[in-house]
Amino acid sequence: MPNVNRTNRRLTTAMWRGLRLRCPVCGQGRLFRNWIAMHSHCDHCGLKYERAPGYFLGSIYFNYGATTILVVAAFLVFFFTEIVPQSTAFAVLLAFSLLFPVWFFRYARSFWMAFDHFYDPVSRTPGTDATKRADGRAAP
Ligand SMILES: [Zn+2]
């Protein structure tokens, strides 16, 4: 079994796994079985995806942040270039701010998990199903 802590220590690797919607520890298992439903565990390494109840609330920060950055950037482009009338720009940005978070939901969760496992990795005991965090606490 490879040392999963060493293979997951680069932020670029973690974010690449997040972009591909893959397990943040091994990079092989898929996070989602369809557009909405997640697998509970990695089918490759057995990692339990939801570390604790409410764990995925952290993904809201990623979803909100990405939506805000894109809407503000588009607003500034619309405002300073005046390529479309102001009412059209408002309608486009409103629609975008409602639809983008729905589409980005899976990526927000995936990036959240990649970020969380990068800064608080789990270590696995070879030959067992037990996992614990790198600081010795038991993973839920
Ligand atoms: Zn895995």
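**Exercise 1.** Which residue just after H2 takes a positive phi?

Solution. The model is predicted. Just after H2, the residue with a positive phi is leucine 21, at about 60°.

**Exercise 2.** Describe the order of secondary structure elements and the burial of the chain.

Solution. Step one: count the elements, which gives four helices and two strands. Step two: read from the N terminus, where the order is α-α-α-α-β-β. Step three: turn to burial; of the 140 residues in the chain, 37% are buried. Step four: take the contacts between residues at least 6 apart in sequence; 51% of these join residues at least 24 apart.

**Exercise 3.** Determine how the buried and exposed residues of H2 are placed around the helix.

Solution. Step one: list the buried residues of H2, which are Ala14, Arg17 and Gly18. Step two: check their directions from the axis; they lie on the same side of H2 because they cover an arc of only 105°. Step three: inspect the face turned away from the buried side, which carries the exposed residues Thr12 and Trp16.

**Exercise 4.** Work out what surrounds the charged side chain of arginine 22.

Solution. Step one: locate arginine 22 in the loop between helix H2 (11-19) and helix H3 (59-81). Step two: look for a salt bridge, for which the cut-off is 4 Å. The nearest side chain of opposite charge, aspartate 43, is 7.4 Å away, and the buried arginine 22 has no salt bridge. Step three: search for a backbone partner; the side chain of arginine 22 reaches the backbone oxygen of glutamine 28 at 3.0 Å. Step four: leave aside neighbours within four places in sequence and list the contacts of arginine 22, among them Arg17, Gly27, Arg30 and Ser110.

**Exercise 5.** Is glycine 27 buried or exposed, and which residues does it touch?

Solution. Step one: place glycine 27 in the loop between H2 and H3. Step two: compare its relative accessible area with the 20% limit. At 5%, glycine 27 is buried. Step three: leave out residues up to four places away in sequence; glycine 27 then touches Arg17, Arg20 and Arg22. Step four: take the C-alpha distance from glycine 27 to cysteine 42, which is 9.5 Å for a separation of 15 residues in sequence.

**Exercise 6.** Identify the residues that touch the most other members of the largest nonpolar core.

Solution. Step one: among the 22 core residues, these are Cys23, Leu47, Tyr49 and Met113. Step two: assign the core to elements; helix H4 (residues 86-119) gives the largest share, seven residues. Step three: follow methionine 113, which touches Pro24, Leu31, Met38, Tyr49, Tyr55 and Phe56, not counting residues up to four places away in sequence.

Conventions:
Residues are numbered from 1 along each chain as its sequence is written. This is a predicted model: local features need pLDDT of at least 70, side-chain atom pairs count only at pLDDT 80 or more; totals for chains, interfaces and linings use all residues. Side-chain values use heavy atoms; hydrogens and water are left out. A nonpolar core is a set of buried Ala, Val, Leu, Ile, Met, Phe, Trp, Tyr and Cys residues joined through side-chain atoms within 4.5 Å. Buried means under 20% relative accessible area, exposed over 50%, partly exposed in between (1.4 Å probe, protein chains only). Contact means heavy atoms within 4.5 Å. Lys and Arg count as positive and Asp and Glu as negative; His and the chain ends are not counted. A polar contact is a pair of N or O atoms within 3.5 Å; within protein, one must be able to donate a hydrogen and the other to accept it, and residues adjacent in sequence count only if both atoms are side-chain atoms. The arc is that of the directions from the helix axis to the C-beta atoms.
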